[in-house]
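Biologist: Before we talk about the spaces inside this protein and the way its helices pack, could you put the sequence and the model in front of us?

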Amino acid sequence: MTKKERFQYVIDYFEHHAPDAETELLYDNPYQLLVAVILSAQCTDKRVNMTTPAIFQQYPDIPHLAQATFDDLFPLIRSISYPNNKTKHLIGMANMVMDDFNGEIPSTVPELVKLPGVGRKTANVITSVIYQQPNMAVDTHVFRVSARLGLTTNAKTPLQTEQQLLKYIPEDKVHIAHHWLILHGRYICIARNPKCGECGLRKVCKYYQQLMKS
């Protein structure tokens, strides 16, 4: 099976079994998604979704968040991983959006990565989810699943994984393919003891084929 055929099989499978895949973070607008994604670094979406309602109630938009003090915001984020840094990042992000982007969330990766707490992965999520730009955010799930399925070859970094995936995934499918791979990694192709018996991609999965040989 060629790499192109492998990608097509995986895309066809997910289009049939997960046509409406989307982020599990709860949000109503770009501001809320940006806050949620910043908070989600090394933290579960479930925990973030438990935390953000109180934040959005007290700080409903960028102008309000830009006025927040560390002491006021920190208690709302205390249960999230790395609360000190994330509190500083959120306040810094809001102030930069106000000062440098006229209070509007930027819509490009180069602009977004200038914001405190926003790396390439976060910027790719925002531009992909909100604007459906063909940007592939690579987290641990995407990195693992892509390698196991054989969609990537010897990719050592998230950027290498991103570049290899973008080479074969059609532009109009990239924004949803990100969610396909994340959700598959979160619920089926988990890090330890992947649920291969429940996986419909065994036929093309290099990890599973190697498992059967051992």
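**Cavities, pockets and a helix pair**

Modeller: In this predicted model, the lining of the second largest cavity consists of 9 nonpolar residues, with no polar and no charged ones.

Biologist: What makes the lining of the second largest cavity count as 9 nonpolar residues?

Modeller: The residues in question are Phe7, Val10, Ile11, Phe14, Leu151, Ile169, Ala177, Trp180 and Leu181. Phe, Val, Ile, Leu, Ala and Trp count as nonpolar, and therefore each of these residues falls in that class. The volume of this cavity is about 70 Å³, and α1 (3-17) and α11 each give two or more residues to its lining, with α1 giving the most, 4 residues.

Biologist: Why is the space lined by these residues called a cavity and not a pocket?

Modeller: The term cavity is used because a 1.4 Å probe fits at its points but cannot get out, whereas a pocket is an open set. By this rule there are 2 cavities of 30 Å³ or more.

Biologist: Which residues are the closest to the centre of the largest cavity?

Modeller: The largest cavity has a volume of about 110 Å³, and of the 15 residues lining it, His184, Cys189, Cys196, Cys199 and Cys205 are the closest to its centre. Its lining divides into 11 nonpolar, 1 polar and 3 charged residues, and the largest share, 3 residues, comes from α9.

Biologist: What is the make-up of the lining of the largest pocket, by class?

Modeller: The lining of the largest pocket has 11 nonpolar, 8 polar and 7 charged residues, and the space in this pocket is about 520 Å³. Of the 26 lining residues, the closest to the centre are Ser40, Asp45, Lys121, Asp139 and Arg186; Asp, Lys and Arg count as charged, and therefore Asp45, Lys121, Asp139 and Arg186 belong to the charged class. The largest share of the lining, 5 residues, is supplied by α11.

Biologist: Why are α9 and α10 called oblique to each other?

Modeller: Helix α9 (residues 140-149) and helix α10 (residues 158-168) pack at an angle of about 60°, and their axes lie 10 Å apart. Angles under 35 degrees count as roughly parallel and those from 65 to 115 as roughly perpendicular, and an angle of about 60° fits neither range, so the pair is oblique. The crossing of α9 and α10 is left-handed.

Biologist: Which residues of α9 and α10 meet there?

Modeller: Val142, Phe143 and Ser146 in α9 meet Pro158, Thr161 and Leu165 in α10, and by class this contact has 4 nonpolar, 2 polar and no charged residues.

Notes. Residues numbered from 1 in each chain as written. Predicted model: local features only at pLDDT ≥ 70, side-chain atom pairs only at ≥ 80, totals over all residues. Heavy atoms only, no water. Axes fitted to C-alpha atoms, helices over the stretch in contact; angles between N-to-C directions. Left-handed = near helix turned anticlockwise from the far one by under 90°. Contact = heavy atoms within 4.5 Å. 1 Å grid on protein atoms, 1.4 Å probe; cavity = no way out; pocket = protein on both sides within 12 Å on 5 of 7 lines; lining within 4 Å. Points joined across faces, edges and corners; volume = space filled by probe spheres on them.
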